[in-house]
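Student: I would like to learn how to read a protein model feature by feature. Could we go through one together?

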Amino acid sequence: MTRHRREKDSSPGVLMTLVGWIVYIAIIVGLTYLIITYVGQRTRVSGSSMETTLSDGDNLIVDKISYRFKEPERYDIIVFPYKYEPNTYYIKRIIGLPGETIQVIDGCTYIDGEKLTSDVYGAEIMDAAGIAEKQIVLGQDEYFVLGDNRNHSSDSRDSSVGVLEREDLMGRAWVRIYPFDRVGVIKHG
């Protein structure tokens with residue numbers, strides 16, 4: 001009789017352990033979804049448009065939450081979806097802010113008629129002005145972005161990218177996690 005009672009008592013223990021594991025796994029899956037959707041996401045740099053700041057093959061964590069609390073700033077490195085190719089994201093640096101007038105003249109960027117001289121990230125003279133050959137007046141929630149490797153970048157000068165709206169900004173590049181010898185927080189400006 002004692003044996004029978006022990007077997008019966010152990011059944012709820014196994015069931016409770018199983019339920020505990022299922023709840024634990026559900027919590028982990030739910031937290032992972034929330035983090036990837038609202039907080040941060042891993043992305044990989046493909047191409048040389050952000051050289052020498054970011055290199056082809058760098059793996060980054062994108063901060064998706066900070067722009068919910070503060071406005072993007074000049075020189076922030078941002079990630080946004082490329083509108084003509086699903087699951088393709090571009091990484092560029094914000095140069096022009098809402099309300100500013102942007103133009104590329106003789107390979108240099110001008111903001112509100114003043115030559116941008118503090119741009120140490122894109123020090124080379126641009127070969128092509130693209131759509132920025134004429135003045136671009138940014139709207140209330142529009143941004144003008146350039147790659148650091150100006151002559152090898154599809155950015156706001158290219159009509160296929162153009163000016164970005166605030167809602168296009170997926171997040172801000174935050175930490176490089178690979179290659180391991182370059183791990184660290186990414187300098188913005």
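Tutor: We will take confidence, salt bridges, aromatic pairs and two single residues in turn.

Student: Where is confidence lowest in the protein, and where is it highest?

Tutor: Since this is a predicted model, confidence is a sensible place to begin. The mean pLDDT of the protein is 88, and 92% of its residues reach 70 or more. Confidence is lowest in helix 1, where the mean is 74, and highest in strand 8 (residues 136–137), where it is 98.

Student: How many salt bridges does the structure hold, and how should I read one of them?

Tutor: The structure holds eight salt bridges, and each can be read by its distance, by the places of its partners and by their exposure. In one of them the side chains of Arg182 and Asp58 meet, at 3.8 Å from N to O. This pair links distant parts of the chain, 124 residues apart, with Arg182 in the loop between strand 11 (171–178) and strand 12 (184–185) and Asp58 in the loop between strand 1 (40–44) and strand 2 (59–63).

Student: Why does Arg182 count as partly exposed, and why does Asp58 fall in another class?

Tutor: The class follows from relative accessible area, where buried means under 20% and exposed means over 50%, with partly exposed in between. Arg182 counts as partly exposed because its relative accessibility is 30%, whereas Asp58, at 2%, counts as buried.

Student: Which parts of the chain does the salt bridge between Glu71 and Arg166 tie together?

Tutor: In this salt bridge the closest N and O atoms of Glu71 and Arg166 are 3.4 Å apart. Glu71 lies in the loop between strand 2 and strand 3 (77–81) and Arg166 in the loop between strand 10 (164–165) and strand 11, so the pair ties together parts that are 95 residues apart in sequence. Glu71 itself counts as exposed, because its relative accessibility is 51%.

Student: Are the partners in the salt bridge of Arg172 and Asp76 buried or exposed?

Tutor: The side chains of Arg172 and Asp76 meet in a salt bridge at 3.6 Å, N to O. Arg172 lies in strand 11 and Asp76 in the loop between strand 2 and strand 3, so parts 96 residues apart in sequence are tied together by this pair. Arg172 is buried, with a relative accessible area of 19%, and Asp76, at 2% relative accessibility, counts as buried too. Salt bridges may also share partners, and in this structure such sharing joins Asp58, Arg176 and Arg182 into one network.

Student: How many aromatic pairs are there, and what should I look for in them?

Tutor: The structure holds five aromatic pairs, and for each the distance between ring centres and the angle between planes are worth reading together. Trp21 and Tyr24 form an edge-to-face pair, 5.7 Å centre to centre with 90° between the planes. Both residues lie in helix 1 (residues 2–39), three residues apart, which is about one turn of the helix. Trp21 is exposed, with a relative accessible area of 52%, while Tyr24, at 48%, counts as partly exposed. Tyr82 and Tyr84 also form an edge-to-face pair, with 5.7 Å between centres and 75° between the planes. Of these two, Tyr82 counts as buried at 14% relative accessibility, whereas Tyr84 counts as exposed at 55%.

Student: Which residues form one aromatic cluster?

Tutor: The cluster is formed by Phe80, Tyr82, Tyr84 and Tyr90. Over the ring of Tyr90 sits the charged end of Lys92, 5.2 Å from the ring centre.

Student: How do I describe the surroundings of a single residue, such as Asp148?

Tutor: One gives its place, its exposure and its contacts. Asp148 is found in the loop between strand 9 (142–146) and strand 10, and is buried, with a relative accessible area of 3%. Its side chain is joined to that of Arg93 by a polar contact of 2.8 Å. Not counting residues up to four places away in sequence, Asp148 touches several residues, including Ser49, Glu51, Arg93, Tyr121 and Glu124.

Student: What does Lys115 touch?

Tutor: Lys115 lies in strand 7 (residues 114–115) and counts as partly exposed at 43% relative accessibility. Leaving aside residues up to four places away in sequence, Lys115 touches Cys108, Thr109 and Tyr110. Lys115 and Met126 are 11 residues apart in sequence, and their C-alpha atoms are 13 Å apart in space.

Note on methods
Residues are numbered from 1 along each chain as its sequence is written. This is a predicted model: local features need pLDDT of at least 70, side-chain atom pairs count only at pLDDT 80 or more; totals for chains, interfaces and linings use all residues. Side-chain values use heavy atoms; hydrogens and water are left out. A salt bridge is a side-chain nitrogen of Lys or Arg within 4 Å of a carboxyl oxygen of Asp or Glu. Helices (H or I, at least four residues) and strands (E, at least two) are DSSP runs, numbered from the N terminus. Buried means under 20% relative accessible area, exposed over 50%, partly exposed in between (1.4 Å probe, protein chains only). Rings of Phe, Tyr and Trp (its six-membered ring) pair if their centres lie within 6.5 Å; planes under 30 degrees apart count as stacked, over 60 as edge-to-face and the rest as tilted. A charge sits over a ring if NZ of Lys or CZ of Arg is within 6 Å of the ring centre and within 35 degrees of the ring normal. Contact means heavy atoms within 4.5 Å. A polar contact is a pair of N or O atoms within 3.5 Å; within protein, one must be able to donate a hydrogen and the other to accept it, and residues adjacent in sequence count only if both atoms are side-chain atoms. pLDDT is the predictor's confidence in each residue, from 0 to 100.
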